[in-house]
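Work through these exercises with the structure open beside you. Try each task before you read its solution.

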Amino acid sequence: VDTVNLVSVIDTSGCEVWDSKLVFKMGDPEYILSSDTVVCAEETVVLDAGIEYTEFLWSNGETTQTIDVTTPGDYWVRASDGCFVVRDTANVSFWELPVVSQMDTTIYAQIVVLAQGGLRPYSYALNEGSFQSDSIFRKLQNGIYIAYVQDANGCATSDTIDLKSIYDIDIPKFFTPNGDGVNE
């Protein structure tokens, strides 16, 4: 509430002087902790109450400026700068990670990556290669490969496979069973 303060002073001679001062109540500052946040599972969200405050109390009992969040839920903070006390709540959610459910190497020099979970569509990559929509990787040399699966939310996972193709056969793209001995 705004107020007018009036001060009156009488000196030893009986003279009176006075003054007034209008005092305006300062409104509470606007405070937003964080917008609601959704990230990939297994990531950590850092909630920061702000450097302009000196005292903090979080819903989990912490009294630091920041907290690390690894589980979903509503997190509130009460922060004070010595004059004002502000409070806000942020909701943190986590998207499900995709999972490499199987890697098939039954066809020579080829890896087929099968995924589930997360949000379709998926994209796939081997080692440090570019992501592609096709889950089949062909004409591969024997060796260790890291298969990556990324879902529509950008959440990713990986798995490792040691490709050991033991046959070196050339499968023609066509055959002609006409008895001439070629591509039979």
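**Exercise 1. Two tyrosines**

Are Tyr31 and Tyr53 buried or exposed? Then describe how their rings meet.

*Solution.*
Step 1. Keep in mind that this is a predicted model. In the model, Tyr31 is buried, and Tyr53 is buried too.
Step 2. Look at the rings. Tyr31 and Tyr53 form an edge-to-face aromatic pair, with 5.4 Å from centre to centre and 85 degrees between the planes.
Step 3. Place both residues on the chain. Tyr31 sits in the loop between strand S2 (16–23) and strand S3 (37–40). Tyr53 sits in the loop between strand S4 (45–48) and strand S5 (55–58). The pair links distant parts of the chain, 22 residues apart.
Step 4. List what else Tyr31 touches. Leaving out residues up to four places away in sequence, its contacts include Ala49, Val77, Ala79, Val86 and Arg87.

**Exercise 2. The nonpolar cores**

Which residues touch the most other members of the largest nonpolar core?

*Solution.*
Step 1. This core holds 17 residues. Tyr31, Leu47, Trp58 and Val69 touch the most other members.
Step 2. Find the elements that supply it. S4, S5, strand S6 (66–69), strand S7 (73–80) and strand S8 (85–95) each give two or more residues.
Step 3. Look for another core. A second, separate one has 15 residues, among them Tyr124, Leu126, Leu140 and Tyr145.
Step 4. Recall the general rule. In soluble globular proteins, nonpolar side chains tend to be buried together.

**Exercise 3. A sheet of four strands**

In what order do the strands of the four-stranded open sheet lie?

*Solution.*
Step 1. The order is S3-S8-S7-S5, and the pairing is mixed.
Step 2. Find the edges. S3 and S5 are the edge strands, and each pairs on one side only.
Step 3. Check the turn between neighbours. On average, neighbouring strands here are turned by 25 degrees against each other, direction ignored.
Step 4. Zoom in on one pair. S7 and S8 are antiparallel and share eight bridges. Val77 has Asp88 in S8 as its bridge partner.

**Exercise 4. A sheet of three strands**

Why is one side of S11 and of S14 left without a neighbour in the sheet?

*Solution.*
Step 1. Write down the order. This open sheet runs S11-S13-S14, with antiparallel pairing.
Step 2. Read off the edges. Strand S11 (123–126) and strand S14 (156–163) each have a single partner strand, so one side of each has no neighbour in the sheet.
Step 3. Add the turn. Neighbouring strands of this sheet are turned by 20 degrees against each other on average, direction ignored.
Step 4. Count the bridges. Four join S11 to strand S13 (residues 143–150), and eight join S13 to S14.
Step 5. Match residues across the strands. Leu126 stands opposite Ala147 in S13. Gln150 stands opposite Ala156 in S14.
Step 6. Follow the chain from S13 to S14. The two strands form a hairpin with five residues between them. In the turn, Gly154 has a positive phi of about 90 degrees.

**Exercise 5. Around strand S11**

Is Ser123 buried or exposed?

*Solution.*
Step 1. Locate Ser123. This residue belongs to strand S11.
Step 2. Apply the cut-off. Buried means under 20% relative accessible area. Ser123 has 18%, so this residue is buried.
Step 3. List its contacts. Beyond neighbours within four places in sequence, Ser123 touches Phe131, Gln132, Tyr148, Val149 and Gln150.

**Exercise 6. Unusual backbone angles**

Which peptide bond is cis, with omega near 5 degrees? Then find positive phi values outside glycine.

*Solution.*
Step 1. Start from the rule. Most residues other than glycine have a negative phi, and most peptide bonds are trans.
Step 2. Find the cis bond. The bond from Arg120 to Pro121 is cis. Pro121 lies in the loop between strand S10 (111–117) and S11.
Step 3. Check Glu42. Its phi is near 75 degrees, a positive value. Glu42 lies in the loop between S3 and S4. Its relative accessibility is 75%, so Glu42 counts as exposed.
Step 4. Check Lys139. Its phi is positive, about 55 degrees. Lys139 lies in the loop between strand S12 (136–137) and S13. Lys139 also counts as exposed, at 75% relative accessibility.

Key:
Residues numbered from 1 in each chain as written. Predicted model: local features only at pLDDT ≥ 70, side-chain atom pairs only at ≥ 80, totals over all residues. Heavy atoms only, no water. Pairing = 2+ DSSP bridges. Axes fitted to C-alpha atoms, helices over the stretch in contact; angles between N-to-C directions. Buried < 20%, exposed > 50% of the residue type's maximum accessible area, 1.4 Å probe, protein only. Contact = heavy atoms within 4.5 Å. Phe/Tyr/Trp six-rings, centres within 6.5 Å; stacked < 30°, edge-to-face > 60°. Core = buried A, V, L, I, M, F, W, Y, C linked by side-chain atoms within 4.5 Å.
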